[in-house]
Structure formats: C-alpha cells, structure tokens
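Okay, thanks for coming, everyone. I'd like to take a few minutes on charged pairs and then on a pocket. Have a look at this one first.

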Amino acid sequence: MMDGGATSKEPVIAVIYHSGYGHTQRMAQAIAAGAGAELVAIDADGNLPQGGWNLLDAADAIIMGSPTYMGSVSWQFKRFADASSRPWYAQTWKDKLFAGFTSSAALNGDKSSTLNYLFTLAMQHGGIWVSQGIQPSNSKAAQRNDPNFLGSYSGAMSQSPSDASAGEMAPGDLETARAFGERVADVASRFRR
C-alpha cells in the first residue's frame, strides 16, 4: 500500500486455474479480461508454467479456479494447493486478496463445496476473500443468460450441460465472470491506496 494518498500503479492480479474440458478456462479468460489479470494455467499433470510461482508471489490478488469434480476441486488443482505449502510456510501470501470460481455440468453440482475449498485454502494462507458482489437474477422474469443466474455469493459459478462444448457456455455465466474480475480489480485498487 502507498501512504500519503499517492497514486500507485495498477494492482497485479493473477488468475490460477485448472480446466479439464475448457469451460473453466473460458471463465478464467473472462475473469482475467475483467480484472486486467495474468493467467496461470495448471497443466494436466498439476504443474504450473515457468514463472507461475513468482507471479503468484508478486500478485496483490489471486483468483483461483477449478472445475467441480466429485464435489471438490480437480486433483490437478489439489496438487497445486498442496504445493502451496511452501509460500504458506513463509507466509508469502498473507494479507493478499483471494477470490474463487468454478464450473460443473449440473445446475448445483456441489459447486459451493469447491468454492468453500478455495476459501479455506485462501484462509490457510492468511488471505482476505473477495465475494461475488453481484445480486442474483432470481425473479420470475429472470432468464438463463442473466448475470449471476446461478445465485452465487461466495464466488463465480458457471454451468454447462455435460455434452456442451466450452464454446457453448451460457453468455450470462461468462458476463458474470467478467464482472467478477472487475470487482476483484476494484477491491484490489482500493487496497493499494
């Protein structure tokens, strides 16, 4: 944080995610577009790209994403989470902002369990959680492509039928993800003052 009311540079925001079929990747891209964030993709073996750990260490905010598989994060994301015990031990990520997102094939699909996992991981690191901050579209007039149609408060969610490609994702879910990225960037900017 800057003191004396000085204007600081834009916050550094990282979106770390694993995507099995491309849906979570599209969410990550939409969030990154809204936040002006750097993407860090966890590969199929659970590894980060070169420089990934350094970017996370330098970030003011870390937005984490995983598909919901069997009621939690993917094993690839879990491998990253377990490996994050190194920055945990050094308290490298303490007081950073954190947020989370997930996708699944079912409308519910226990996505809240995945967001709770991401929240708990952030709390383990001494982080500060940023909520969705978007009211749900839950009136009788609401349509599937309205923002936050799935009604999440703790993070961004998307849902796509199991036989739908990533290119067929609901535009409202992607708009929700983009707006979520904007919210995290706004909060991060306020924290830098």
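Before anything else, a word on what I'm calling a helix: it's a DSSP run of H or I covering at least four residues, and I number the helices from the N terminus. And keep in mind that what you're looking at is a predicted model.

So, helix 6. Arg-178 and Glu-182 both sit in that helix, 4 residues apart, which is about one turn. Their side chains meet in a salt bridge, with N to O at 2.4 Å. Now, what do Glu-175, Arg-178 and Glu-182 form together? They're joined into one network by salt bridges that share partners. The other link is the salt bridge between Arg-178 and Glu-175, at 2.5 Å from N to O. Why can those two reach each other along the chain? They're 3 residues apart in helix 6, which runs over residues 171–192, so about one helical turn separates them.

Are these side chains buried or exposed? Neither, really: Arg-178 comes out partly exposed, at 26% relative accessible area. Glu-175 is partly exposed too, at 32%, and Glu-182 is also in the partly exposed class, at 41%.

As a general point, side chains of opposite charge can pair when their charged atoms come close.

Okay, over to helix 3, residues 75–83. Here Lys-78 and Asp-82 are 4 residues apart, so again there's about one helical turn between them. They form a salt bridge, and the closest N and O atoms are 2.6 Å apart. On accessibility, Lys-78 is at 33%, which counts as partly exposed, and Asp-82 is partly exposed at 45%. How many salt bridges turn up in the whole structure? The search finds 5, and I've picked out the ones in these two helices for today.

Last thing, the pocket. The largest pocket has a volume of about 250 Å³. It's lined by 16 residues, and the closest to its centre are Tyr-21, His-23, Tyr-69, Ser-104 and Ala-105. Which elements supply at least two residues each to that lining? Helix 1, residues 23–35, does, and so does strand 4, residues 97–104.

And what's the lining made of? By residue class, it divides into 10 polar and 6 nonpolar, with no charged residues. So none of the charged residues I've been talking about shows up in the lining of the largest pocket, since that lining has no charged residues, with Asp, Glu, Lys and Arg being the ones that count as charged.

That's me done. Happy to rotate the view if anyone wants another look.

How values were computed:
Residues are numbered from 1 along each chain as its sequence is written. This is a predicted model: local features need pLDDT of at least 70, side-chain atom pairs count only at pLDDT 80 or more; totals for chains, interfaces and linings use all residues. Side-chain values use heavy atoms; hydrogens and water are left out. A salt bridge is a side-chain nitrogen of Lys or Arg within 4 Å of a carboxyl oxygen of Asp or Glu. Buried means under 20% relative accessible area, exposed over 50%, partly exposed in between (1.4 Å probe, protein chains only). On a 1 Å grid over the protein atoms alone, a cavity is a set of points where a 1.4 Å probe fits but cannot get out, and a pocket is an open set with protein on both sides within 12 Å along at least five of seven lines; lining residues have an atom within 4 Å of a point. Grid points are joined across faces, edges and corners, and a volume is the space filled by probe spheres set on the points.
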